[in-house]
Each structure stands twice: as structure tokens, then as C-alpha cells.
Amino acid sequence: MVNVLLVDNYDSFTLNIRQLLNSIGCSVRTIKNDELQWSVVEEEILPQIEFVVLSPGPGRPDHVKDFGISDHFFDTNIPVLGICLGHQGLACHFGAKLHVASHIIHGRQSSVFHNGDSIFQGLPSPVQFVRYNSLLITPESLPEELRLLAWSKGQDTEEMEVMAIEHLQKCFVGVQFHPESILSECGSELLRNWLKKAYRWNLAYRPGLGCRSIATSDRDPSTPAASIADSPWHVRSTPCSWCEPQDFVADLLQRSEYFVWLDSGHSAGQEQRISYVGTPSKCFSLFLSFDEHDTLHFTCGKRIEHLVKRGMSRFNPIYRSQNDKLTATCKNVRYFDAMTELSKELHVESLDYPAIMGAFGYGLRRETLPPYRRLTNAGRRGKCRLDAAMIFTDRCYAFDHDQQMLTRHDLAFKSQCGQDISFHKSFDAAPFDWAFGQRHDEKRWSFRDCSQQADLKDPRRVPYGLEKTQVIKSVEEQRDSYLSKISSCLSNIRHGETYEMNLTTQFRFRGADTSPPATSFSQRCFNMFCKQRKANPATYAGLFIWSSTALLCSSPEKFLQIEGSDNQDGDHTRIITMRPMKGTRPRCKNSQADEESRTELENSVKDRAENLMIVDLVRHELNDISDGVQVIKLMEVESHSHVHQLTSTIKGRLRSDVPWSDAIKAAFPPGSMTGAPKVRTVQLLDEIEAIERGMYSGAFGFAGRKTMFNVIIRSAVVDIDDFHDNGAVSCSVGAGGALTILSQPQEEWEETLLKALTVVADEK
């Protein structure tokens, strides 16, 4: 086993390099470029390793904030392989200069020529490698001690571009391209050649080196998920008479305003054809909300109070107990830590139905992207009241649209002897008689109880039809500002700060009143969503109302799914799947024009580059929490009601010690909504967008034995204050698109408009 130190320059592809090294027999330890002092690395780590790999990353190698301790390795006699930024760092260390490439390449293959020696021995020339670089080494500046190994030719010119170099006296090699990319050829062969070269060097110049075992990763040990046998729960599933979920929710609203509706009823031909409606009861349910000040509010029923208290004990909750519920507040909490502890105590992943349902907002990036730091709120608009809202529900209805089957799942504790306790007498009642022993006119409770929000029974008249003239006026007012922001993003890409930026904006649309005067907030939001789902059906749609805000979602994009089964040995294998979308074209009424639009997307160099960058990013994120990461589908076109989308599918085997909440945390925010490298890009987007995205760009879905979350796009957010006395309603719609060096500003603006307008489109 070859011991390797992989230095991460805060790139979003680094763990793909680790996967490639593991595949050729290397034991890899990964550290950030600012994680340890150089003296610690030199004295405690280097004596144990056989060679070093310096990863790609944003920025420039002559900036310490970008390259960290990486430059110090070139003062040692240890074999070093630099990739992209690491390659440029090797050149700069010995006096070479960098320049902005005349033809910048991000996320595309490039023909690399070589003479067949050193690490290119046995490789074809030219060979296709994927590149992500804005900067290049200036050939004329190469010092005598650095030798050119490989090169490419500039587009429409014979200008030589330096693609690989090596040091003549030391075992230092750099490559400008990315051998770990899914579309690079001969990446394994190139690294094997490097291993042979490093092995010969160590024999000659480091003869005392022993092949000692080192840590293979920085993973923190954690407790494996509890087995199903340890669960205190029994789930009883009861077949019910079929009805459409829209009709079900309409009836439900006559009895209660508190539910979550995850809707796939209009997704014919798509993989997700089960809709869910969660209807929490008093005694078993848990409501959680998390605000931008890192304060967690929760309310739970008496029957699960002991489990919730145990799960929240280390977060120092301040409790307020009432007759039938327990409410509490925890300050300075990390939300995903709290979700992990609560899910463990509630045995969420043992439950065969969506036990936890809700949404995470984009604001939670402050927890998931160390060392990211959120900008202060000064000068920023559109603060989001909540960054997350979730429920633990004891009753859920599953609507199988293909089989026309409706199943009700009810939760109860097991008895001490392993038998079920008595379910309430209403357990076997008709589907709409849904409350555990509650009269239909009895007031129920929700997020309002723990966040002191406005009365949901607001009598103001609320419209749900949007006027086209107001839509056009709203978007035209933002055009110049958005084009200016596109220019700022492209400047950052051009100077090597990032490869791809997913710029977004928020539109405010107004509509006209059609609801009766006394209609409740929940009913009005339901009316709006029914119109939206008819006009823009989507695979991962849903309606979620919390406090005085509602999310009306028509997302076609899956963020993450976890699903598994037990084998004969009792081992539980979980497969994690991610399906990023990048690349959009409008649907056309004319079939020939529609096919031309689809074909254009399928063959678009720009859109394929966008998609590839996010595929490589997602592979990196999955490699942190799972094994055997593979790309199952690469850049396939999916057709939806209003748009064609370029979609890829990546899978891995989720490690047994990773709960669902940690899997979400590892990949959040969705890479398709940020760009790459993720941390640097998100920080740049904060500065350019200058407005909080709120729930947009987050994730909405459920967790249980199966976990599935979408990406919150094609969605409207409505607040109770958006309903005006003059008979008008406003809603916020987020939209945006990925920017690469190939982006044309006007085309990007038009794509952003297309996405926003699908949310408020007229019914077909």
C-alpha cells in the first residue's frame, strides 16, 4: 500500500482524486491547505508518506490565501504531483509566470500532446483530458530546471499551452488538466506512471522510508445508525379507498390547516409516482423551526416528550410546558447536529414512511461549508425569517398514482413485550377521519406555537391568479441589474477565482383576487398551488405551510435520495443517489421545433460543460460519505411540461455511520445551485447577489427508511403579509442559471426569465 498525502486547496473535485488514488492501491490522507502548521506537517506527517498530491483550487498559487502550505512541499525532497493549481504552483515556485489564457476552458475536454516519456509513457498522443483553468504558465518564462512534458494548442491558433512540466533535479511533476474528471481519458494510467516514477525516486533518495500505515481520511468516527430491532415504533399500514391527493387535501383543510403535501401526481412517465400527505396529531408530533439567528424552536406532543428531551439535552433547551404540549427554544445551535440527535432518538431511519417532512433553506450554507462565513445583514435585502422548518408526523398517506392505491401509515409505540399497544379506535376509520381521537372542530397546533407568528385565520381577501402585465413589468425592472451581475461573475471566472457560478435573483409578482373574503391563509395557498401544479406539473412538487409562510414548489430536480435494504446476513446497504440538472431549453408547441430545441440542448458545448462541472462536484461530495461512487447516467435530456433539462445521475453506497441528516449536510447547498469550487463560489455569489435566497436553492422532502429531497427551484414563496386589502397578492419567485466562460449575458437573462415564468404560467 502506497501512503499518499493529498493537500486540498479548497477545490470541489479533490475527493475524486482520492477515489482515483484508492483505485490504484494508494492509502490516502487528506488535509486542507490551512488545516495544520507547516512544522507539524514536516515533522509528524512527511516521514510517513511516500508522495504528495497538491489538488486544484480557486485563485492563484502566488496568493498565500489560495495556496496555503502547498508551496512548502517544493522545498523538500519528497515526490510531489501538482494538479491544476498545484501545477501552476510548481512553476511559480521556481520563477515561472502565469497569464490569463486567450482561450479559457472549464469543464471541457482538450487534446493534450506529449512525447511519450515520464508520466505519459504508453499513453496515446493526443490524449483527451478535461480542463478547468483560466490561467496558464507562460512558456517563455519556464526556468531551466523545469522541462516541458505536454502541451496543447490554442483554439484557432498554433499558440502552445503548457499542459505538464517536471523538475529536472527533483521528483516534482505538474499537470494543468484534471485526470480525475469523469470525462478524462487515461487518468488511472497517468497516475500509475507517476507512482512508478515516485517509487524509483524514493529508492534512490529516500532509502530509509518504510511503508507505514497512515489514516486514510479525515472522517470523524460516529456511532452507526441504530438497527430496526432497537426501534420503539410500530407502523401500521392500512389500505384506503383511492382518491386524488388534491381532493384529499381539500377535504383535510376543512378540518385542519397543518399538513405537508409532497406531490408527484402529475409526473406521468417519471420515476417518482408516489405523493405523500403528512397530517401530524397532537400526541406524537414534533414541529421544528430554525431561524437566521441560529435559534431552534420546537413543539412536541406529550407522548414523545421523553424522546425529544433526550435528543435535545446537549443543546440546553429552555422549556415551556403546557397542558398538551412541550415547547422549547435552543440558542446558538447547529441545525444539522440537532436533526442528527433527534433522528437518532426518534429512530427515524427505521420507519417505512416519510416520518420527517419539511424544507431546508439556502441560509443553512453557513453550517455546511466551512470555512465559509456569511456576510453581515447590513445593506442586504430580503432576509428570510426561517432557514428550516420540519415536522415529525405520526400519520402519513401515500398515494401510488400508477397503482391507484392509497395507504395510510400510522405510528404507535411497541409494548414492553414486543406487541403493539392499542391504537386509537379511529385507526380503522375512513381516510378522512384522520385525527387520533380529535374532534374535527378542535384547534390543532403547529409552528405558530413556537415562533409567535401572526394569526393564520387572516380574513383579508387573497387572490391567486397572476396578471401578465405585472409579471412583465417586474422582470424588466431587474434586467439591467442582472446583466451587471453577470458581468461581475464572468470577471471572477476569467481571473481564475471560480469555474462556474450559479447566479440567481428574486422576482416579485403580483396577482388578482379570486378567493372568497373569509378564506384562510392555508386555503388560499392551497388554491394557488392547485393552479400552479396544473399549469406546471413536476416530479418533485409540494406544498408546505409553516407559521405565516408557504412554499409552493414545482421542482423537476431531485437533490438526494437514500434507499436500501437488509441482506440475508442482516447487513443494511443504503444507496445514495443524486440527480443534478444543468442546461435548459424551452418546450415548443410545434413537435419539430420542440425536437430541435431538445437536440440543441443535447449537443450544446456550453450546457454540457455546465453539467460536467456539477457532476464532478457531486462525485466529490459523495466520495466524502460513501463508497463505490459511479456516474450512472451522464448528460441525458429530460423533457418536462415547459422545459427540456440536461440531467445526470450519480450513485454511491452510503457508509453505515452516516445518518440521513449528515448526508444532506455533506452535499448542501445543492451544487447545481452554487457552482464550483463551492466554498469560494458561494462567498462570491453572496457579494454579487446581495440578497438572501431564502428557501429557494434549498431542499424540500422527507426522511425515513427512505429519504428523498428535491432542489427548491421553480417555486413561489408566499407570506401572509403578501395578501393585500386591495385584492392583490404578491409572491417571491427565485430564478437563475449557471454561468461559465462561454455564457452570453442576454441568453442567460432570457433563460432566467423562462425559469421564473414557468412558476406563474397560465394553465394549459
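In this predicted model, Trp 233 is in contact with a wide spread of partners beyond its neighbours within four places in sequence: Phe 284, Ile 304, Leu 307, Leu 346, His 347, Ser 350, Leu 351, Phe 392, Leu 411, Ala 412, Phe 413 and Lys 414. Trp 233 also belongs to the largest nonpolar core, a set of 91 residues. Within that core, the residues with the most contacts are Trp 233, Leu 286, Phe 360, Phe 392, Phe 559 and Trp 660. Helix 14 supplies the largest share of this core, with 8 residues. A second core, separate from this one, has 88 residues, and Leu 136, Ala 164, Val 173 and Phe 259 are among them.

Helix 14 itself deserves a look. This helix covers residues 605-623, which is 19 residues in total. From the first C-alpha to the last, helix 14 reaches 27 Å, close to the 27 Å expected at 1.5 Å a residue. Most of helix 14 is covered, with 17 of its 19 residues buried.

It helps to step back to the whole chain. The protein has 764 residues, and 62% of them count as buried. Its secondary structure comes to 17 helices and 34 strands. Among contacts with a separation of 6 or more, 75% join residues that are 24 or more positions apart.

Two residues give a picture of such links across the sequence. Thr 238 is found in strand 10, residues 233-240. Its partner in this example, Thr 407, is 169 residues away in sequence, yet the two C-alpha atoms are 5.5 Å apart in space. Thr 238 has a relative accessibility of 15%, so this residue counts as buried, the limit being under 20%. Asp 594 offers another example, this time in helix 13, residues 591-603. Asp 594 and Ser 639 are 45 residues apart in sequence, and their C-alpha atoms are 9.9 Å apart. Leaving out residues up to four places away in sequence, Asp 594 touches Pro 586, Arg 587, Cys 588 and His 644. Asp 594 is a buried residue too, because its relative accessible area is 11%.

The next topic is how helices meet. The axes of helix 8 (residues 335-346) and helix 15 (residues 660-667) come within 8 Å and cross at roughly 160°. An angle over 145 degrees counts as roughly antiparallel, so helix 8 is roughly antiparallel to helix 15. On the side of helix 8, the contact is made by Phe 336, Asp 337, Met 339, Thr 340 and Ser 343. Helix 15 contributes Trp 660, Ser 661, Asp 662, Ile 664 and Lys 665. Sorted by class, this contact has 4 nonpolar, 3 polar and 3 charged residues. Trp 660 of this contact is also one of the residues with the most contacts inside the largest nonpolar core.

Helix 6 (residues 245-252) and helix 12 (residues 521-535) form another pair, with axes 11 Å apart and an angle of about 175°. That angle makes helix 6 roughly antiparallel to helix 12. Here Gln 246, Val 249 and Ala 250 of helix 6 meet Phe 526, Cys 530 and Arg 533 of helix 12. By class, the contact has 4 nonpolar, 1 polar and 1 charged residues.

Finally, a few details of the backbone are worth finding in the structure. Most residues other than glycine have a negative phi, and most peptide bonds are trans. Against that background, the peptide bond from Ser 125 to Pro 126 is cis, with omega near 5°. Pro 126 lies in the loop between strand 5 (98-114) and strand 6 (127-137). The peptide bond from Ala 676 to Pro 677 is cis as well, with omega near -5°. Pro 677 can be found in the loop between strand 30 (675-676) and helix 16 (678-689).

Positive phi values also appear at Cys 84 and Ala 690. For Cys 84, phi is near 60°, and this residue sits in the loop between strand 4 (80-83) and helix 4 (85-93). Cys 84 is buried, because its relative accessible area is 5%. For Ala 690, phi is near 55°, and the residue is placed in the loop between helix 16 and strand 31 (699-703). Ala 690 has a relative accessibility of 29%, so it counts as partly exposed.

Technical notes. Residues numbered from 1 in each chain as written. Predicted model: local features only at pLDDT ≥ 70, side-chain atom pairs only at ≥ 80, totals over all residues. Heavy atoms only, no water. Axes fitted to C-alpha atoms, helices over the stretch in contact; angles between N-to-C directions. Helix = DSSP H or I, 4+ residues; strand = E, 2+ residues; numbered from the N terminus. Parallel < 35°, antiparallel > 145°, perpendicular 65-115°, else oblique. Contact = heavy atoms within 4.5 Å. Nonpolar A, V, L, I, M, F, W, Y, C, P; charged D, E, K, R; others polar. Buried < 20%, exposed > 50% of the residue type's maximum accessible area, 1.4 Å probe, protein only. Expected span 1.5 Å × (residues − 1). Core = buried A, V, L, I, M, F, W, Y, C linked by side-chain atoms within 4.5 Å.
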